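Student: Please give me a close look at a single part of this structure. I am new to it, so spell out the terms as you go.

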Amino acid sequence: MRTRVTDMFGIELPIFAFSHCRDVVAAVSRAGGMGVLGALYFTPEELEMELKWIDDHVDGKPYGVDVVMPASYEGADFAPEELVSRLQGMIPEGHRQFVEDLLAGHGVPPLSEDADPGKVLLGWTDATARPQVEVALRHPIALLANALGPPPADVVELAHAKGVKVAALASTPRHAVKQVEVGVDVVVAQGTEAGGHTGEISTMVLIPQVVDAVDVPVLAAGGIGGGRQMAAGMALGAEGVWTGSIWLTVEEADTPELAKSRILAATSRDTVRSRSWTGKPARLLRNEWTDAWEAANSPGTLPMPLQFMLVSDALRRIGRSDAAELATFPAGQIIGTMNQVKSARDVVFEMVEEYIEAVGRLGGITES
């Protein structure tokens with residue numbers, strides 16, 4: 001297959017696979033697509049180890065790194081050294097009590113005294129994401145992606161100076177134009193069906209609008225899990241696809257078994273856009289956690305990054321307990337078709353085969 005993005009990155013297939021698991025990233029790149037490692041959950045030191053491993057296992061194939069540098073968030077004007085303490089002081093006591101009551105109601109015990117301190121502030125801010133960018137650009141990455149709005153112009157310039165292309169996710173045509181204005185090379189048009197942070201416009205509607213609004217290559221995202229969806233995205237003007245949720249259940253994924261089993265059993269109606277994870281709308285697997293934040297007694301969610309700082313320990317406690325009814329995580333509507341575990345390589349090849357069949361079927365209709 002050949003599009004502007006395959007030529008841009010020297011890849012065989014215009015299939016981009018976002019994953020927080022290095023094994024998935026390397027497997028997809030080796031299969032001819034491009035794996036993109038989500039850096040959000042890693043400290044700079046951890047990210048260095050992950051990327052070194054990918055360098056050693058990707059067989060020289062190109063791969064990318066995805067960071068989160070939101071254009072707006074609470075504490076943007078705070079000094080880095082006081083960022084965490086000042087943000088912690090902004091979390092209302094009533095919200096902390098709501099979380100404690102929710103956990104107590106489901107029998108979730110506190111963390112043990114010797115538990116590691118965890119990460120209350122991930123790469124949701126400029127101050128925490130820039131060290132990740134610095135680490136990423138020390139490695140032979142081909143792509144730096146920003147998952148939440150246009151990346152800072154100086155970051156784009158820094159990446160370009162290293163010969164690295166830049167992508168950014170957009171949920172409206174206006175967002176896409178802003179990204180191109182700061183110099184991004186690829187726009188990922190992500191419809192509301194997608195897992196994680198996502199907007200309100202469906203993929204089918206969004207892609208042609210973004211394609212018409214910008215002159216750079218566009219990747220279709222949101223509800224892309226098979227070759228037929230890939231063919232639809234390409235027919236709408238996209239030059240490749242950006243996928244995420246479909247990699248949660250592959251053999252290589254490090255998804256916890258409880259989460260994996262719930263995904264395999266879920267339908268496409270079992271997700272919801274919720275602010276209960278980060279403070280910004282993100283599509284999550286719906287359960288009693290997401291429902292609780294929409295209930296009448298909820299104090300409401302806090303803006304990014306305060307919400308995750310509020311719930312980070314709670315999510316760890318849930319993960320170490322038997323309260324499966326509270327365990328939530330980002331997942332897109334495509335999970336309704338994910339009902340068996342496959343290798344990442346098989347997912348890639350099956351997508352291509354289905355794409356060829358879909359395009360061939362359309363060609364037959366035209367010929368008749």
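Tutor: Strand 7 and strand 11 (residues 282–285) pair in the antiparallel sense, over 2 bridges. Strands are DSSP runs of E, at least two residues long, while helices are runs of H or I of at least four, and both are numbered from the N terminus. Two strands count as paired if DSSP finds at least two bridges between them. This is a predicted model: local features need pLDDT of at least 70, side-chain atom pairs count only at pLDDT 80 or more, and totals for chains, interfaces and linings use all residues. Residues are numbered from 1 along each chain as its sequence is written, and side-chain values use heavy atoms, with hydrogens and water left out.

Within the pairing, H197 has A282 of strand 11 as its bridge partner. The sheet itself is open and has 3 strands in the order 7-11-10, with antiparallel pairing. Strand 7 (196–197) and strand 10 (271–274) are its edge strands, since each pairs on one side only. In general, strands of a sheet pair through backbone hydrogen bonds, either parallel or antiparallel.

For a helix to set beside the sheet, take helix 11 (residues 257–265), where A259, K260 and I263 are buried; buried means under 20% relative accessible area, exposed over 50%, and partly exposed in between (1.4 Å probe, protein chains only). These residues lie on the same side of helix 11 because they cover an arc of only 100 degrees around the axis, the arc being that of the directions from the helix axis to the C-beta atoms. E257 and A265 are exposed, on the face of helix 11 turned away from its buried side.
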